[in-house]
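Here are some worked exercises to try with the model open in your viewer. Have a go at each task before you read the solution.

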Amino acid sequence: MRITDEFMRAVEQDGEWQTTQRTSGHVVDTYRARDLWKKIAEAAWACADPGLQYDSTINAWHTCPNTARINASNPCSEYMFLDDTACNLASLNLSKFMVETGTNAGDFDVEAVRYACRVWTVVLEISVLMAQFPSVEIARLSYKFRTLGLGYANLGTYFMLRGIPYDSDEAVAICGGITAIMTAASYAASAELAREHGPFPGYAPNRETMLRVIRNHRRAAYDVARGEYEGLSTPPRGIDQKTCPAYLLKAAQDEWDSALRTGEQHGYRNAQVTVIAPTGTIGLLMDCDTTGI
């Protein structure tokens with residue numbers, strides 16, 4: 001179920017909400033927004049459905065809105081992009097990147113994470129050329145936008161090994177730091193690929209919007225004030241500058257500086273580079289104790 005900022009404002013203000021016909025746009029019924037919101041919450045509690053997608057926020061972070069809007073996701077909901085596109089996935093087992101001995105025991109090996117992200121960005125870029133697609137249109141658009149899906153699994157195991165409560169402020173800050181590093185490292189590698197092979201064919205008409213998204217990612221790494229974000233009615237939760245370990249925070253900020261700087265010069269080879277998939281099946285093959293996020 002996709003809901004908009006307008007619906008959420010109606011919930012906050014205890015206003016009305018009208019449902020409309022999908023084909024004609026005609027109003028069908030008028031409801032109290034909070035009543036609908038309560039039904040959504042109760043249904044999700046009872047059976048885990050409906051899964052919500054925040055349509056306004058999704059499209060505000062869309063790198064290629066000048067081509068078309070995002071209408072839906074794949075069934076697992078990690079991949080959100082243009083209709084009739086596809087994305088090849090890969091995930092890192094985060095527990096394998098934990099330093100086990102020495103003064104930095106328990107930390108992430110940032111250089112190893114960065115190296116793995118760069119290698120897998122290249123691997124997934126190659127996989128775009130090698131993949132088989134179910135239709136000509138999906139193949140055409142996948143070549144045109146070259147979306148990638150690098151992500152991670154076993155974050156929960158990392159926290160268990162560290163003895164960090166999963167939903168604590170420290171865990172949230174560490175999660176933000178490692179996610180930022182991975183995404184930025186992949187975008188930086190994508191920009192270097194663009195320097196050698198050119199940006200993805202759909203980049204030119206979306207250059208300014210994509211760079212705006214990259215700048216907003218960088219701002220989140222620095223946790224800037226709400227008013228400093230571009231084109232967002234709902235600013236993200238930035239990385240907690242006091243709670244995130246200093247080594248992780250600095251690496252995230254440095255990596256986003258690089259991703260933006262290189263992208264401004266050369267563009268990007270890929271319209272998207274990362275996702276966070278459930279990893280329910282591949283996690284079994286990757287020796288994971290916990291899945292995605």
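Buried residues (under 20% relative accessible area with a 1.4 Å probe, protein chains only; exposed is over 50%, partly exposed in between) make up 46% of the 293 residues in the chain. Residues are numbered from 1 along each chain as its sequence is written. The model is predicted, so local features need pLDDT of at least 70 and side-chain atom pairs count only at pLDDT 80 or more, while totals for chains, interfaces and linings use all residues; side-chain values use heavy atoms, with hydrogens and water left out.

**Exercise 1. Overall build**

Task: work out how many helices and strands the chain has, and why it can be called as compact as a globular protein of its length.

Solution:
- Start with the DSSP runs: helices are H or I of at least four residues, strands are E of at least two, and both are numbered from the N terminus. That gives ten helices and six strands.
- Next, take the radius of gyration over C-alpha atoms and compare it with the globule rule, 2.2 Å times the number of residues to the power 0.38. The chain comes out at 20 Å, close to the 19 Å that the rule gives for 293 residues, so it is as compact as a globular protein of that length.
- For the outline, the C-alpha trace spans about 65 × 45 × 40 Å along its principal axes.
- Finally, look at contacts (heavy atoms within 4.5 Å). Of those with a separation of 6 or more, 69% join residues 24 or more positions apart.

**Exercise 2. An aromatic pair**

Task: find out which parts of the chain the pair of phenylalanine 145 and phenylalanine 200 ties together.

Solution:
- Set the rule: rings of Phe, Tyr and Trp (its six-membered ring) pair if their centres lie within 6.5 Å; planes under 30 degrees apart are stacked, over 60 edge-to-face, and the rest tilted. The count by this rule is 13 aromatic pairs.
- Check the geometry: phenylalanine 145 and phenylalanine 200 sit 6.0 Å apart centre to centre with 45° between the planes, a tilted pair.
- Place the partners: phenylalanine 145 is in helix 5 (residues 136-145) and phenylalanine 200 in the loop between helix 7 (169-197) and helix 8 (207-222), so the pair links parts that are 55 residues apart in sequence.
- Check burial: phenylalanine 145 has a relative accessible area of 0% and is buried; phenylalanine 200 is buried too, at 1%.
- Zoom out: both belong to one aromatic cluster, whose members include Tyr79, Phe81, Tyr187 and Trp256.

**Exercise 3. Unusual backbone angles**

Task: go through the backbone at aspartate 14, proline 50 and arginine 146, and say where each residue sits.

Solution:
- Know the baseline: most residues other than glycine have a negative phi, and most peptide bonds are trans.
- Aspartate 14 has a positive phi, near 55°. It's in the loop between helix 1 (5-12) and strand 2 (16-20) and is partly exposed at 34% relative accessibility.
- Arginine 146 also isn't a glycine, yet its phi is about 55°. Its loop runs between helix 5 and strand 6 (148-153), and at 5% relative accessibility arginine 146 is buried.
- The peptide bond from aspartate 49 to proline 50 is cis, with omega near 5°. Proline 50 lies in the loop between helix 2 (33-47) and strand 4 (53-54).

**Exercise 4. Around helix 6**

Task: identify the buried residues of helix 6, what covers them, and where cysteine 175 fits in.

Solution:
- List the buried residues of helix 6 (residues 155-162): Leu155, Gly156, Thr157, Tyr158 and Phe159.
- Look for cover: strand 6, helix 7 and helix 9 are among the elements over them.
- Step past the end of the helix: glycine 163 follows, with a positive phi near 70°.
- Now move to cysteine 175 in helix 7, buried at 15% relative accessibility. Leaving aside neighbours within four places in sequence, cysteine 175 contacts Tyr152, Leu155, Phe159 and Ile293.
- Last, go from cysteine 175 to proline 199: they are 24 residues apart in sequence and 30 Å apart in space, C-alpha to C-alpha.
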